[in-house]
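Let us take a walk through a protein model together. Keep the picture open beside the text, and turn it as you read.

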Amino acid sequence: MVGIAVNNSRDNVAMLGIGAYRPQRVVSNDDVCAVLDSTDQWIFERTGIRNRRWISGDETLRSIAAAAGERALVNSGVDRTKIGTLILATSSWLTLTPHGAPSVAFDLGINGIPAFDLTSGCGGFGYALGVAADLIRAGSADYVLVIGAETMTVGLDPTDRGTAMIFGDGAGAVVVGPSESNGISPTVWGSDGENAAAIMQDIDFLEYMHRAQEMQGLDPAEHPVGRMSLRMEGPRVFRWAAVTLPRALSAALEMSGVAKEDIDVFVPHQANARINELMKKNLGLADDIPMANDIENTGNTSAASIPLAMEEMLVTGKAKGGQLALLLGFGAGLSYAGQVVTLPPKPNEPSF
């Protein structure tokens with residue numbers, strides 16, 4: 001019987017470089033409250049957010065994803081011709097066809113490689129990092145560029161108290177490749193479809209299309225189709241997070257073989273500062289372990305938040321390349337993904 005060839009596998013992979021892009025426009029709580037019925041103090045006390053970044057001018061999801069990817073490539077020192085796959089983690093690319101990753105790959109000068117979108121809400125970067133590491137371990141790619149990019153404000157209702165104050169835009173990227181010692185643990189991930197409706201868009205795509213078709217030939221001013229916006233049941237998500245995420249963090253540590261006493265840095269998804277403090281406390285991490293707080297001036301950037309938070313900590317000196325970090329992304333789905341990783345080197349081209 002003729003044997004079918006298999007790829008040469010690798011055991012050890014790591015993040016070799018990181019890059020990020022932060023939109024130029026800074027939006028304060030007071031700016032948000034010009035439309036939203038709230039106050040700067042109320043928003044900060046409940047979310048930990050003071051400012052967020054929103055796209056403006058010619059910035060688009062495509063342009064900021066490419067900018068973050070370019071910086072990650074430069075900072076990694078890996079020749080772009082060696083990139084075997086591009087994964088774009090996003091929930092805000094505006095078309096299903098074509099999906100975004102091939103266009104971003106073209107913009108980065110690596111047209112022709114496998115390039116695909118991965119949609120898993122705010123846990124998207126963790127999902128993409130796990131897939132990238134396993135692609136390399138299986139021998140399906142030598143190097144993978146992972147980009148988490150979101151323009152959450154495109155689908156934001158500025159009057160919605162559940163979302164308008166929380167979300168921002170941005171992009172973060174890492175180059176994943178083989179390394180002498182393993183720098184990415186097995187991924188602990190899961191989802192809860194029973195509670196998936198706690199975070200959802202308020203207009204179904206098929207319903208939206210049908211309504212638009214019915215209104216063809218009518219005056220849009222008199223017969224508006226409406227705008228699709230993101231809705232979130234904050235208390236319901238908070239309850240889910242309080243129960244599910246501590247277990248996920250404990251499982252991530254167990255799968256990694258690393259004791260919690262060995263963790264140098266905690267980088268949770270930047271969803272809510274109160275949730276993050278609660279997770280750190282429940283996990284029993286030492287008080288002096290640095291925890292990412294990029295949410296304060298960047299907001300919740302969904303799939304971009306973890307790479308943005310890692311980059312901020314490396315640039316500001318709150319963390320150092322080579323340290324052990326515990327990552328956990330969570331959100332729409334309701335889904336989550338966590339890993340223990342070795343942080344990439346401090347970027348030579350920071351986003352600040």
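Before we start, here is a definition that will help: a residue is called buried if its relative accessible area is under 20%, exposed if that area is over 50%, and partly exposed in between. The model you are looking at is predicted. Let us try the definition on one residue. R80 has a relative accessible area of 26%, so R80 counts as partly exposed.

Now find the sheets. Strands of a sheet pair through backbone hydrogen bonds, and they may do so in a parallel or an antiparallel way. One open sheet here has five strands, in the order 1-7-6-4-5, and its pairing is mixed. At its edges you will find strand 1 (13–21) and strand 5 (115–118), each of which pairs on one side only. On average, neighbouring strands of this sheet are turned by 20° against each other, ignoring direction. Inside the order, strand 4 and strand 6 run parallel and are joined by six bridges. As a landmark, look for L86, which stands opposite L145 in strand 6. Helix 3 lies across strand 1, strand 4, strand 6 and strand 7 (169–178), and runs at about 130° to strand 1.

While you are in this sheet, stop at V144, which belongs to strand 6 (residues 143–151). Is V144 buried or exposed? Its relative accessibility is 0%, so V144 counts as buried. Which residues does V144 touch, leaving aside those up to four places away in sequence? They are T85, I87, A132, L135, I136, V174, V175 and V176. For a sense of scale, V144 and A252 are 108 residues apart in sequence, and their C-alpha atoms are 22 Å apart in space.

Next, move to another open sheet, in which four strands follow the order 8-13-12-11 with mixed pairing. Strand 8 (188–191) and strand 11 (265–268) stand at the edges; each has a single partner strand, so one side of each has no neighbour in the sheet. The twist from one strand to the next averages 10°. Strand 8 runs antiparallel to strand 13 (residues 335–342), and four bridges join the two. Here S191 stands opposite S335 in strand 13. Helix 10 (residues 305–316) lies across strand 11 and strand 12 (324–331), at about 145° to strand 11.

Strand 8 also takes part in a meeting of rings. How many aromatic pairs does the model contain? The count is one. The ring centres of Y127 and W189 are 5.1 Å apart and the planes stand at 45°; because that angle falls between the limits of 30 and 60 degrees, the pair is called tilted. This pair links distant parts of the chain, with Y127 in helix 5 (residues 124–137) and W189 in strand 8, 62 residues apart. Y127 has a relative accessible area of 18% and is therefore buried, whereas W189, at 37%, is partly exposed.

Rings can also have a charge above them in this model. The charged end of R50 sits over the ring of F44, 3.7 Å from the ring centre. Likewise, the charged end of R161 sits over the ring of W42, 4.6 Å from the centre.

Finally, look at the charged pairs. Side chains of opposite charge can pair when their charged atoms come close. The model has nine salt bridges. One of them joins R62 and D107, with 2.6 Å from N to O. This pair connects distant parts of the chain: R62 is in helix 3 (residues 61–76) and D107 is in helix 4 (residues 101–107), 45 residues apart. Both ends count as partly exposed, R62 at 32% relative accessibility and D107 at 36%.

R80, our starting example, forms a salt bridge with E70, and their closest N and O atoms are 2.8 Å apart. R80 lies in the loop between helix 3 and strand 4 (83–89) while E70 is in helix 3, so the pair ties together parts that are ten residues apart in sequence. E70 counts as partly exposed, at 30% relative accessibility.

In helix 5, the side chains of R137 and D134 meet in a salt bridge of 3.3 Å, N to O. These two residues are three residues apart, about one turn of the helix. R137 is buried at 18% relative accessible area, whereas D134 is partly exposed at 42%. To end the tour, find R22, D294 and E311, which are linked in a network of salt bridges.

Methods. Residues numbered from 1 in each chain as written. Predicted model: local features only at pLDDT ≥ 70, side-chain atom pairs only at ≥ 80, totals over all residues. Heavy atoms only, no water. Pairing = 2+ DSSP bridges. Axes fitted to C-alpha atoms, helices over the stretch in contact; angles between N-to-C directions. Contact = heavy atoms within 4.5 Å. Phe/Tyr/Trp six-rings, centres within 6.5 Å; stacked < 30°, edge-to-face > 60°. Buried < 20%, exposed > 50% of the residue type's maximum accessible area, 1.4 Å probe, protein only. Lys NZ or Arg CZ within 6 Å of the ring centre and 35° of its normal. Salt bridge = Lys/Arg side-chain N within 4 Å of Asp/Glu carboxyl O.
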